[in-house]
Each structure stands twice: as C-alpha cells, then as structure tokens.
Amino acid sequence: MTEEARAEASVDLLLDVLDLDESSARTTEDIFTGRSHAMPSGRIYGGQVLAQSLIAAERTMPPERAVHSMHGYFLRPGDASQGLTIAVDRIHDGRSFSTRRSQAYQNGVPIFSMIASFQDESPGVEHAVPMPDGIPAPDDLAPDEELVAGVHPLSMRMLRDRPADVRHVEGPIYLAVEGEHRPHQAVWMRIRSQMPDDPRLHRAALAYLSDMTIQESILRAHGVSWALSGLKVASLDHAMWWHRPARADHWLLYVQESPNARGGRGLASGRIYTRDGALVASVAQEIMIRVPGEPS
C-alpha cells in the first residue's frame, strides 16, 4: 500500500468512527451509537471518545451555534473491541449559549462524561498569546514513525496507521528522551489527508488530535520515555477551549508545557496554532502517572 493510500484509509476510518448512528431508543436524552478504533493496547484512545462525545452533542445543536468549551472526565478504561453508546442531555438553551452533557457508555456503565458549552458567533474584544518564534517548519521535520526504529512492531503499526501526521520539534520520546529534560515541547500535527468541509467534523478532529502527546511535557521533564518498563499513565480529565476556526487537515502547532506534577498526578496545558500564527484552541489535561522506582 502506498503512503497516500495508507493515509486516505486511516482518515476514512476516522470519519467512520465520527459518523455516529442515531438510535431510535429514547429516554429524556438523545441516544447515539458509535464504533471504536482497533488499538494494540485494547483500550480506547481517549481522543476518540472525546471527539465522538462532541459530535453527539453537536448533533443536537443548530449549525450556527458552535462549541467553545468542554470539560470531561475519563471514568473507566474503554474496550476498543466494542462500540459505544453516547447519551446527550440537553441541559440548557439560551438566546446565545447552550449547554450539553454527553456520557459515553460501554456494557451499561459510563466510561467518559463531558459537559460542553456552545455559542452563536458574536463580536467582542480580541487578543491572543502569539505563537513562539524559532519553531522549524513541519516540512523540515521527519514524521515520528521515521524516527523510532526499534519500537515494538504493534506500536510502529499504530504510528503508521493512525490518521494523524505528528512531528515532534524536540524529537519523539517513544524510546528515549533526547536533549534537555524540561517540562515543555512543541509538536506539529494534522489529519493525514483531506477531510470534508463540515466545520463540526474539523472541531471534533481537533479534539481527537488534542489528546495526542499532551501528556509528554510531564514525561519529558523527568526523562521518562513511553518505552520505560512498568510506566503507568492514564488520563484523568481533559478540558478544551475553541477560539478560532481551523482545518484539522492543515498543519497545526501544538505548544505544550507542564506547570506541576505531584502525588502521582501531572498537569499539562497546550496551545494550538495555525501555521500562520492564529491561536485556535487551548487545552488542559491531568494524568495519573506512576514511574517505576518512584515513591507511590
């Protein structure tokens, strides 16, 4: 299979995962069902359930009212061999804002719970933190999968087949942490091939991308690679704010840092920019982290 065909196939799979089915079953909530990516670990990728929960909530909104923020909690590990049921509660509809709660279920229990807020486009004051200077262009960096010779074959397959092209500015940390150990990194990312023009799909794809690599500023600060035997990492929560429209299939710079780690938890934050420097979104996530040899 050519690289172009592989990219198109991976993005077709992503679009299929985001194409939720609307159930005829009804309670006081809107019910949707969706499929899962196959994952080597057997666990659902967090960005998948983030994006699906957002798409489900968006389905209950008029097109002109777009998501501007979400706050979610990962409650249980998801089984990637099974689909999901997503229930959306229409909490509030106002003149300019709406609120929705999405809960994703497997085997009758919630694995993810999210509240999202939506707003009609409105004028107002505007400013944004500028994109950092001195960042190499994505074309000057190799894709991650070309830099990790020796990674486990299943992990290599996941990197090659995922719908995202990810390029670390400081180098990936799959096998080792090269260079200075500091709680900061920058990553170029995009969906590998062209997506439909639907803005809702691009907002959901951005949520999908936002869960990739955000944890790594915490790991990088301590020289911890993903390959470290006995390392345990799990996402606890995820928050995201959409500031400006952007296409997820164009290059985006994800600038990440970790302000704190303590008590087996680490906090990471990120800012996502278009290639021309527009601030698209802000992200925050806390993880559980257990490093072998460290006090519990």
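A salt bridge here is a side-chain nitrogen of Lys or Arg within 4 Å of a carboxyl oxygen of Asp or Glu. By that yardstick, this predicted model holds 21 salt bridges across the whole structure.

**View 1. Asp161 and Arg6 pair up across two helices.** The closest N and O atoms of this salt bridge sit 2.8 Å apart. Asp161 belongs to helix α3 (residues 153–161) and Arg6 to helix α1 (residues 3–18), so the pair ties together parts 155 residues apart in sequence. Asp161 is partly exposed at 31% relative accessibility, and Arg6 is partly exposed at 23%.

**View 2. Arg101 reaches Glu29 in a salt bridge.** Here the closest N and O atoms are 3.8 Å apart. Arg101 comes from strand β5 (residues 97–106), while Glu29 is in the loop between β1 (21–22) and β2 (30–34), 72 residues apart. Arg101 is partly exposed at 28% relative accessibility; Glu29, at 17%, is buried.

**View 3. Arg247 meets Asp197, loop to loop.** Their side chains form a salt bridge of 2.9 Å, N to O. Arg247 sits between β9 (232–242) and β10 (252–262), and Asp197 between β8 (184–191) and α4 (199–210). Asp197 counts as exposed at 58% relative accessibility, but Arg247 is partly exposed at 24%.

**View 4. Leu206 in the largest nonpolar core.** This core has 61 residues, and Leu206 is among those with the most contacts inside it, as are Met70 and Phe112. Setting aside neighbours within four places in sequence, Leu206 touches residues including Met240, Trp242, Ile272 and Val280.

**View 5. Helix α2, tucked away.** All 13 of its 13 residues are buried, so α2 is largely enclosed by the rest of the structure.

Conventions
Residues numbered from 1 in each chain as written. Predicted model: local features only at pLDDT ≥ 70, side-chain atom pairs only at ≥ 80, totals over all residues. Heavy atoms only, no water. Buried < 20%, exposed > 50% of the residue type's maximum accessible area, 1.4 Å probe, protein only. Helix = DSSP H or I, 4+ residues; strand = E, 2+ residues; numbered from the N terminus. Core = buried A, V, L, I, M, F, W, Y, C linked by side-chain atoms within 4.5 Å. Contact = heavy atoms within 4.5 Å.
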